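Please work through the following exercises with the sequence and the model at hand. Each task is followed by a solution in steps.

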Amino acid sequence: MFRVTLSGLRYRTARLALSSLATALGVAFVSGTLVMGASMNRAFFNGFAAGARNVSAAVIPAAMAGKDIRPGASGAPSLPPAALAAVAATRGTATAAGRLVGAAPLLGPDGKVIQNGQAGGIGVNVAADPALRGFTVASGQLPRSAGQVAVDQATAADEHFRLGQTVRVVDHTGQVRAFTLAGTLDFGVNHSNGNATVAAFATATAFDVTGRPGYDQIVARAAPGVSQATLAGRLRARSGLAGDQVLTGKQLANSEASAAVHFTQQFTTASWSSR
């Protein structure tokens, strides 16, 4: 029986080799697809969740809960400065920052508003705590005075903006205002910004340019030894935040990254379906 088996293997060597190769290639394809999908999930998650980096808890206006309202949109609800003070004063909060988003179209060298598809321009503020800014400096520096601005690095590259040059922004009254370009910023893959140009200002200037009445979101870092859940629970109990939605940092990250996860799931599903 053993000699018969060996004889059969000798006559079927090519078939055996090809079958083994096909199996190996199939396993490699499936493994590669899963590894790439996992890598894409991590990369897109980190990009989309950049706004949740270092955040232990976040407060969002109650009217935003469960609604598809882009922050900074005309008539979008906001949180008053008193809410920021309430978060900062909550036991267990190390630092807190208010984030505002509003219309602030940038003008290109031709004097026309820069349009990326249907997206216009938005203005944001620079939080005092570097850990809670939701973006990183790509070049130059952050605005340090009312006359300075930083823009997203993609727009700066597309429009050939140079550090130190004058950049013009349309404020909420329709007035064109001139700023000195102090730096460029990396916002990751922030789905709330979409393809819009982004201009970052010192907080007081951001309120003045956008005309926003308050913050779109308030984020906080917990003090050492205080968990995200504990801080979020204490914030929900604050009388000054009654009715507002409070998320843990993890919940905020999951919310901001959901679009990326959906994309990579489509990729891996398509890869499996093509087999």
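The exercises below move from the whole chain to a sheet, two helices and selected loop residues.

This is a predicted model, in which local features need pLDDT of at least 70 and side-chain atom pairs count only at pLDDT 80 or more, while totals for chains, interfaces and linings use all residues. Residues are numbered from 1 along each chain as its sequence is written, and side-chain values use heavy atoms, with hydrogens and water left out.

**Exercise 1. Describe the protein as a whole.**

Step 1. Count the elements: the protein has seven helices and eleven strands. Helices (H or I, at least four residues) and strands (E, at least two) are DSSP runs, numbered from the N terminus.

Step 2. Assess burial: of the 275 residues, 41% are buried. Buried means under 20% relative accessible area, exposed over 50%, and partly exposed in between (1.4 Å probe, protein chains only).

Step 3. Consider contacts, defined as heavy atoms within 4.5 Å. Among those between residues at least 6 apart in sequence, 76% join residues at least 24 apart.

**Exercise 2. Determine the strand order of the four-stranded open sheet.**

Step 1. The order is β2-β10-β1-β11, with antiparallel pairing. Two strands pair if DSSP finds at least two bridges between them.

Step 2. Identify the edges: β2 and β11 (245-248) each pair on one side only.

Step 3. Examine one pair: β1 and β11 are joined in the antiparallel sense by four bridges. Within this pairing, Ile60 has Gln245 of β11 as its bridge partner.

Step 4. Add the helix on the sheet: α6 touches β1, β2, β10 and β11, and its direction makes about 170 degrees with that of β11. Axes are lines fitted to C-alpha atoms, for helices over the stretch in contact, and angles run from 0 to 180 degrees between N-to-C directions.

**Exercise 3. Which residues of helix α3 are buried, and what covers them?**

Step 1. In α3 (residues 81-89), the buried residues are Ala83, Leu84, Ala86 and Val87. They lie on the same side of α3 because they cover an arc of only 160 degrees around the axis. The arc is that of the directions from the helix axis to the C-beta atoms.

Step 2. Turn to the other side of α3, where Pro81, Ala82 and Ala89 are exposed.

Step 3. The cover of the buried residues includes β1 (57-60), β2 (93-99), β10 (217-222) and α6 (228-236). Helix α3 lies across β1, β2 and β10, and runs at about 165 degrees to β2.

**Exercise 4. Carry out the corresponding analysis for helix α5 (residues 203-210).**

Step 1. Thr205, Ala206, Val209 and Thr210 are buried in α5. Their arc around the axis is only 115 degrees, which puts them on the same side of α5. An α-helix has 3.6 residues a turn, so residues three or four places apart point the same way.

Step 2. Covering elements include β3 (101-103), β4 (121-126), β7, β8 (176-186) and β9 (197-202).

Step 3. Inspect the end of the helix: Gly211, just after α5, has a positive phi of about 75 degrees.

**Exercise 5. Where do Asn54 and His160 lie, and are they buried or exposed?**

Step 1. Asn54 is in the loop between α2 (13-48) and β1. Its phi is near 70 degrees, a positive value in a residue other than glycine. Asn54 is partly exposed, at 44% relative accessible area.

Step 2. His160 is in the loop between α4 (153-158) and β7 (166-170). The phi of His160, also not a glycine, is positive, near 60 degrees. With 62% relative accessibility, His160 is exposed.
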